[in-house]
Amino acid sequence: MQIKENPNEYDVIIVGSGAGGGMATKILSEAGLSIAIVEAGPFYDPANPDQMTQMKWPYESPRRGGGTTRFFGDFDQAYGGWEIEGEPYSQVGDTQFKWFRSRMLGGRTNHWGRISLRFGPDDFRKKSIDGFGDDWPITYQDVKPYYDKVDKLIGVFGSKENLSNDPDGFFLPPPKPRLHELFYMKGARKSNVKVIPSRLSILTKRINDQRGVCFYCNQCARSCMAYADFSSGSCLIFPAQKSGGQIDMFLNAMVRTVTTNEEGKATGVSYIDKTDNKEYKLKGKVVVLAASACSSARILLNSKSKQHPNGLGNTSDLIGKYLHDSTGGDMMAFIPELIDRKIYNEDGVGGMHVYSPWWLDNKKLDFARGYHIEVWGGLGAPSYGTGFNINSFNKFFGLKKAGGYGDILRSDMKKYYGSTIGLSGRGESIAQKTNYCEIDPKKVDKYGVPVLRFNYKWTDNEIKQAKHMQDTFEEIIHNMGGIPLWGKPGKESNYGINDPGWIIHEVGTTRMGKDSKNSVVNQFEQLHDVSNIFVVDAGPFVSQADKNPTWTIMALAWRSSEYIIDQFKKQNF
Amino acid sequence: MKRRDSIKNMTLASFGASIFLESCYDVSREKIARSLTRYEYGRTPEEKLYDDKLFEQEFFSNDELLTLDKLCNLILPPNDFGSIKEAEVVQLIEFMAKDIPSYQEPLRKGLSWINNESKNRFNNLFVDINNSSQKEILDEIAYYDPNKNMNDLPEPVQWFNLLRNLTMTGYFTSEVGIKELGYKGNTPNVWDGVPQNILDQYGLSYDKDWLDKCIDQSKRNDTAIWDKEGNLIS
């Protein structure tokens, strides 16, 4: 097969355009470096009317917003999902790992929950605290200046709370709680569960003249046409282009390998153009991988050569290992007091206005790590599924009769609208060497690239944490006068813990550390083995805290980008 | 009336003939019917192709569609807000049966069941028996004990529940249904907390400490400036 080679040599090739790739693009291009972004999906701009789903009504979709083509509903802005045709992944034994991929400029930042939490000082040194996993080679103080800069550049609302492990930042003011959130606050406080305003990267206040202010449509998952929420395109890549960055975009380009020379140094990447199925090569002095933790691991493992027989940068044999996702558990309840609600516009921002950061001391508990609680409910927009089994809640009034037909259905619909509330726990799992992704030796995708195979088991720590979530949710719901909608999951179902991958916080596959025996990258996310390759997605996470990873991905990507600029100045590439 | 025509007529009726006449697409009637669906909401080209493929397929026969129309109208009779026809509920069920193929068998089986039942008891098809006879059949399958698992109930009860679900969702996700439900959102606005009369209704109030942290909406357009400690000073 003929491989087409681009004659340009870029200073930096960035693979992936999500949180990490977007941040690297911005910082590196603004330093004057020439950049090639290689993205596996098409161009996407939340303000492009042809791609926009924001402010659409359910009846503007033939499936009324249902989830057949996009898992989270067909207005959700993620091109891809758990399964992508022709791009399978496999599992070892009875592993049920779920891998969510979004192939578009900006990646998963276009639809995510915008929950933007800093890791706290303890989150970088968990081994010193509880003996599990490993400490990071850096501390909160190393990352703090970058969290501060990310806050100011992108914008995040929140409040000063002076909590030791949930550090404050440069916040925009939060929105006032909604009705169901006031119910939650009352119920949680009764059980001594702390509640504070959420911290989401949504602009409740102007931060510059490039971006609009939130107009409260509740649709951040559809990506904001006014750029009032964070997405990598609107907040990082487009501004970098506008400020004159030398940025070339290679779209619909699936990177197969990082190419290397006789000395084992990276020379660029090879990719398959999805539009013509041909292979191309790009040359670069530095390669920055930001394809997402598992995709970057896959690229490195597939980049075998004489100099790197075990995969690129893999003398530690740790690439793919220590894969870990957040734990997840949920409970949904009916609140009898909330029947027959008076209706007003309760959309608010896209996500919860209040949440509970981890509030307990694990030393007094039978599991090692904490979780935070997210809350949802309200007078939401109807969508496919609205009105299903509408009066099955009759059972909560002791009635043995539901269903029917005729006008009773209309009144039941109005009676029960907005009467449910949901609680979700998102917790920290402990990174295990035995949980990993690896190359499946027997399978390739439709581009002929070997695919990933997952092996993952939750340990006792996560399962006991999931039990604690359920017990807590039950108590809070009881305090709210609510009734859980389904039976409480017990031991036989591991207390309802979600399958690994389900929370879409997969991290750890190219872990950071001091030396090449126990880790893949150093504190600047640079491969120990190859000095001109960096990984700036969540792969380098040593542990992932009970916080969502995006803010830390960006803080670290910024820090690593400054290091790359410094190395360029020292002519080390 | 041919089945394809019946769908088209339903579509035309809902969008008004003017759209049909004004549209200048020089394409087949099939394509016109589809373009009239104006499903333009940021689909990818692949998704559009998939949807178009579904629109080209026919699942229900004309008789089945007419039976569905009758049933949906019994489930939600028209009122001042709107109707099954205006909400395009039958078109949605036809589409969903192709979009989620696991719906096909139960939906079709149920339609055949209700016609058999109607023939056995009233010597005619369901659409041709009178309203009270139709209700007599429905009354036997429309109610269930919500404490029981739906999968353990008789098949006709399960089928009717599925049909009721699709009808409810079809109506209440339509323009008329959303208006009837009273949903007020999906429009630019400024959220400034739960209205006072609602707080009073539930005996709730905002803590002063908490409110002090929240956005002062009169300053939302002032560019944020912080001091060195991260206190907002604008």
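**Loops, helices and ion pairs in a predicted two-chain model**

Asn162(A) is placed in the loop between α3 and α4 of chain A. The model is predicted. Most residues other than glycine have a negative phi. Asn162(A) departs from this, with a positive phi near 55°. The residue counts as exposed, because its relative accessibility is 70% and the cut-off is over 50%.

Leu172(A) is found in the loop between α3 (140-154) and α4 of chain A. Leu172(A) is buried, at 0% relative accessibility. Its contacts, with residues up to four places away in sequence left out, involve both chains. In chain A they include Gly155(A), Val156(A), Phe157(A) and Gly158(A), as well as Ile202(A), Leu203(A) and Thr204(A). In chain B, Ala224(B) and Trp226(B) are touched. The C-alpha atom of Leu172(A) lies 42 Å from that of Glu438(A), a residue 266 places away along the chain.

The loop between α3 and α4 of chain A also holds Asp168(A). Asp168(A) forms a salt bridge with Arg199(A), with the closest N and O atoms 3.0 Å apart. Arg199(A) lies in the loop between β6 (196-197) and α5 (232-242) of chain A, so the pair ties together parts that are 31 residues apart in sequence. Both partners are buried: Arg199(A) has 3% relative accessibility, and Asp168(A) has 16%.

Over all chains, the structure contains 53 salt bridges. Side chains of opposite charge can pair when their charged atoms come close. Arg369(A) and Asp130(A) form one such bridge, with the closest N and O atoms 2.6 Å apart. This pair links distant parts of the chain, 239 residues apart. Arg369(A) sits in the loop between β12 (354-356) and β13 of chain A, and Asp130(A) sits in helix α2 (residues 126-130) of chain A. Arg369(A) is buried, at 4% relative accessibility. Asp130(A) is partly exposed, at 23%. Salt bridges with shared partners join both residues into one network with Asp123(A), Lys126(A), Asp166(A), Glu428(A) and Lys547(A).

Asp566(A) forms a salt bridge with Lys570(A), at 2.9 Å between the closest N and O atoms. Asp566(A) is partly exposed, with 30% relative accessibility. Helix α9 of chain A covers residues 550-569. Its 20 residues reach 29 Å from the first C-alpha to the last, close to the 28 Å expected at 1.5 Å a residue. The helix is mostly covered, with 17 of its 20 residues buried. Gln571(A) follows α9(A) and has a positive phi, near 55°.

Helix α8 of chain A spans residues 460-479. Its end C-alpha atoms are 29 Å apart, which agrees with the 28 Å that its 20 residues should span. Buried residues of α8(A) include Ile463(A), Ala466(A), Met469(A), Phe473(A), Ile476(A) and Ile477(A). Polar residues are also buried here, among them Asn461(A), Gln465(A) and Gln470(A). An α-helix has 3.6 residues a turn, so residues three or four places apart point the same way. The buried residues of α8(A) pack against one helix, α4 (179-190), and against strands β11 (327-334), β13 (371-377), β15 (420-427) and β18 (483-484) of chain A. Gly481(A) follows the helix, with a positive phi near 75°.

At the surface of chain A, Phe71(A), Phe72(A) and Trp502(A) make a nonpolar patch of about 290 Å². Phe72(A) lies in the loop between β2 (35-38) and β3 (80-81) of chain A. It is partly exposed, with a relative accessible area of 42%.

Chain B has twelve helices and one strand. The order from the N terminus is α-α-α-α-α-α-α-α-β-α-α-α-α. Of its 234 residues, 50% are buried. Among its contacts between residues at least 6 apart in sequence, 57% join residues at least 24 apart. The chain exposes about 11800 Å², and carbon and sulfur atoms supply 49% of that area.

Helix α9 (residues 155-172) of chain B has 18 residues and reaches 26 Å between its first and last C-alpha atoms, close to the expected 26 Å. Of these residues, 16 are buried. Glu88(B) lies in the loop between α5 (62-75) and α6 (89-99) of chain B. Its phi is positive, about 55°, although Glu88(B) is not a glycine. The residue is buried, with a relative accessible area of 9%.

Glu47(B) lies in helix α4 (residues 45-56) of chain B. It is buried, because its relative accessible area is 11% and the cut-off is under 20%. Beyond its neighbours within four places in sequence, Glu47(B) is in contact with Thr69(A) and Arg70(A). Its side chain makes a polar contact of 2.7 Å with the side chain of Arg70(A).

Definitions and conventions
Residues are numbered from 1 along each chain as its sequence is written. Chains are lettered from A and ligands numbered from 1 in the order in which they are written. This is a predicted model: local features need pLDDT of at least 70, side-chain atom pairs count only at pLDDT 80 or more; totals for chains, interfaces and linings use all residues. Side-chain values use heavy atoms; hydrogens and water are left out. Patches are made of residues with over 30% relative accessible area and no salt bridge: like charges are joined within 9 Å, nonpolar side chains (Val, Leu, Ile, Met, Phe, Trp, Tyr) within 5 Å. Accessible areas come from the Shrake-Rupley method with a 1.4 Å probe; for residues, only the protein chains shown count as cover. A salt bridge is a side-chain nitrogen of Lys or Arg within 4 Å of a carboxyl oxygen of Asp or Glu. Helices (H or I, at least four residues) and strands (E, at least two) are DSSP runs, numbered from the N terminus. Buried means under 20% relative accessible area, exposed over 50%, partly exposed in between (1.4 Å probe, protein chains only). The expected span of a helix is 1.5 Å times one less than its number of residues. Contact means heavy atoms within 4.5 Å. A polar contact is a pair of N or O atoms within 3.5 Å; within protein, one must be able to donate a hydrogen and the other to accept it, and residues adjacent in sequence count only if both atoms are side-chain atoms.
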